[in-house]
Amino acid sequence: MKPILILMGAGKTMTYAYRYGNIVFGFLIVFVFSAVLSAVFRSEGDMKRAVIPIAATSILNIILDPIFIYQLNMGIEGAAVATVISSAASILIMACWIWIKKDLFLDLSPKNFKYDSQMMKDTLHVAIPSTLENIIFSTLAVIVNTMLVIVAGTDAVAAYTAAMRIVQMCMIPMMGIGTALLTISGVAYGAHNYKNLKTGYNYAVKQGFIISIVLAILMILFCNQISSIFAYTSASASLGPQIAYLIRILSLFVVAIPHGIMSSMMFQGVGQGPKALNITLLRSLAFESIFAFLFGFILNFGLIGIYAGIILGCFLGGTVGFIWSKLFIDKFEVESKDRYESVPAK
């Protein structure tokens, strides 16, 4: 863990990151199992019960954090313990619905399990690329943080991390639309309903851009107020202006990302995991990192060049994914018409 934290620019916060990570990574199964159970409810279209445990986890974490950190005097370890307990609580809620109340269409009893090699292969065909996408995002974070440390030191990493937290919050509605698109795409593709696939994808992209533009405007208008959340102590006060400045810049990143997210989600929904992975590879590791290095170091624009490269790379990568998705849907429409609509009615 230490070499990874160094690459990510932990710097003087290494001790805190290491102590926190030891606990969180030690109980990683809690977070994985919680995500799996939530996915079961989403797969049945029960979005309400998929969201309730997540909300309960967040609220409980907010309550437990000050208790473990201050009242029990556990410091950074207390924050990690509170996170683990909160996530475990969501498992208990969902396990009660599934195995005690048995309030689920799917019966998750061991007696119903039957190993199927083809089904496992189909699952991994989507799951492995999706997993690699998350690894790519983590790798990109390491690359960007390394460039920031070289140009401006660990304070730049701290400011960037804080601003990206706001970006990640802004991406939540888009990820929600993308998750819905994933399900709709799977159903439409399986039913050879090209109209629903096309309509669902176009609607998701359109709504993604509308929401991202609204959120970007709010980020610009309230950047100073938002930055104060991360710089309310005397030790972190100096980061306030940097964070506010970054929030304004990264508002453009929020606008640049919807079509890329929706394209990846659509390909995952139709079982084309490798295509979704290629979009992420192109967007993150290729375009974002290369343009950030080009503008920041080769053209010597420094910090602003790194940020500009990330935004431009994200938009161009998403645009390639958008074009690829359109071509895929058009091809699917032609194939569906030839195969099904050309057959004479009996």
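**Exercise 1. Leucine 246 and a distant partner**

Task: Find the helix that holds leucine 246, decide whether leucine 246 is buried or exposed, and state how far it is from methionine 74 in sequence and in space.

Solution. This is a predicted model.
- Step 1: Leucine 246 belongs to helix α10.
- Step 2: Its relative accessible area is 2%. Buried means under 20%, so leucine 246 is buried.
- Step 3: Leucine 246 and methionine 74 are 172 residues apart in sequence. Their C-alpha atoms lie 32 Å apart.

**Exercise 2. A contact across the sequence**

Task: Place alanine 127 in its helix, classify its accessibility, and give its separation from glycine 273.

Solution.
- Step 1: Helix α6 contains alanine 127.
- Step 2: Alanine 127 has a relative accessible area of 30% and is partly exposed.
- Step 3: In sequence, alanine 127 and glycine 273 are 146 residues apart. In space, C-alpha to C-alpha, the separation is 7.4 Å.

**Exercise 3. The largest nonpolar core**

Task: State how many residues the largest nonpolar core has and which have the most contacts inside it.

Solution.
- Step 1: The core has 55 residues.
- Step 2: Tyr160, Phe253 and Met266 have the most contacts inside it.
- Step 3: Elements giving two or more residues to this core include α6 (117-152), α8 (194-221) and α13 (302-341).
- Step 4: The largest share comes from α7, with 14 residues.

**Exercise 4. Two aromatic pairs**

Task: Classify the pair of phenylalanine 41 and tryptophan 97, then the pair of phenylalanine 293 and phenylalanine 297.

Solution.
- Step 1: The model has 10 aromatic pairs.
- Step 2: For phenylalanine 41 and tryptophan 97, the centres are 5.7 Å apart and the planes make an angle of 80°. Planes over 60 degrees apart count as edge-to-face, so this pair is edge-to-face.
- Step 3: Phenylalanine 41 sits in helix α3 (residues 28-43) and tryptophan 97 in helix α5 (residues 75-100). The pair links distant parts of the chain, 56 residues apart. Both phenylalanine 41 and tryptophan 97 are buried.
- Step 4: For phenylalanine 293 and phenylalanine 297, the values are 5.3 Å between centres and 25° between planes. Planes under 30 degrees apart count as stacked, so this pair is stacked.
- Step 5: Phenylalanine 293 and phenylalanine 297 both lie in helix α12 (residues 273-298), four residues apart, or about one turn.
- Step 6: Phenylalanine 293 is partly exposed at 42%. Phenylalanine 297 is partly exposed at 26%.

**Exercise 5. Around arginine 49**

Task: Which ring lies under the charged end of arginine 49, and which residues share its network of salt bridges?

Solution.
- Step 1: The charged end of arginine 49 sits over the ring of tryptophan 97, 5.3 Å from its centre.
- Step 2: Arginine 49 also forms a salt bridge with aspartate 46, at 2.6 Å from N to O. Both arginine 49 and aspartate 46 are buried.
- Step 3: The network of salt bridges links Asp46, Arg49 and Asp103.

**Exercise 6. Two more salt bridges**

Task: Compare where the partners sit in the salt bridges of glutamate 77 with arginine 19 and glutamate 333 with lysine 337.

Solution.
- Step 1: The count is six salt bridges.
- Step 2: The closest N and O atoms of glutamate 77 and arginine 19 are 2.8 Å apart. Glutamate 77 is in α5 and arginine 19 in α2 (residues 14-26), so the pair ties together parts 58 residues apart in sequence.
- Step 3: Glutamate 77 is partly exposed at 22%, and arginine 19 is partly exposed at 31%.
- Step 4: For glutamate 333 and lysine 337, the closest N and O atoms are 3.0 Å apart. Both residues lie in α13, four residues apart, about one helical turn.
- Step 5: Glutamate 333 is buried at 14%, whereas lysine 337 is partly exposed at 32%.

**Exercise 7. A nonpolar surface patch**

Task: Which element gives the most residues to the nonpolar patch?

Solution.
- Step 1: The patch includes Phe25, Val32 and Trp99, and its residues together have about 820 Å² of accessible area.
- Step 2: α3 and α5 each supply at least two residues.
- Step 3: α3 gives the most, with five.
- Step 4: Valine 32 lies in α3 and is partly exposed at 48%.

Notes: Residues numbered from 1 in each chain as written. Predicted model: local features only at pLDDT ≥ 70, side-chain atom pairs only at ≥ 80, totals over all residues. Heavy atoms only, no water. Phe/Tyr/Trp six-rings, centres within 6.5 Å; stacked < 30°, edge-to-face > 60°. Buried < 20%, exposed > 50% of the residue type's maximum accessible area, 1.4 Å probe, protein only. Lys NZ or Arg CZ within 6 Å of the ring centre and 35° of its normal. Patch = residues over 30% accessible without salt bridge, like charges linked within 9 Å, V, L, I, M, F, W, Y side chains within 5 Å. Areas by Shrake-Rupley, 256 points an atom, 1.4 Å probe, with all protein chains shown as cover. Salt bridge = Lys/Arg side-chain N within 4 Å of Asp/Glu carboxyl O. Core = buried A, V, L, I, M, F, W, Y, C linked by side-chain atoms within 4.5 Å.
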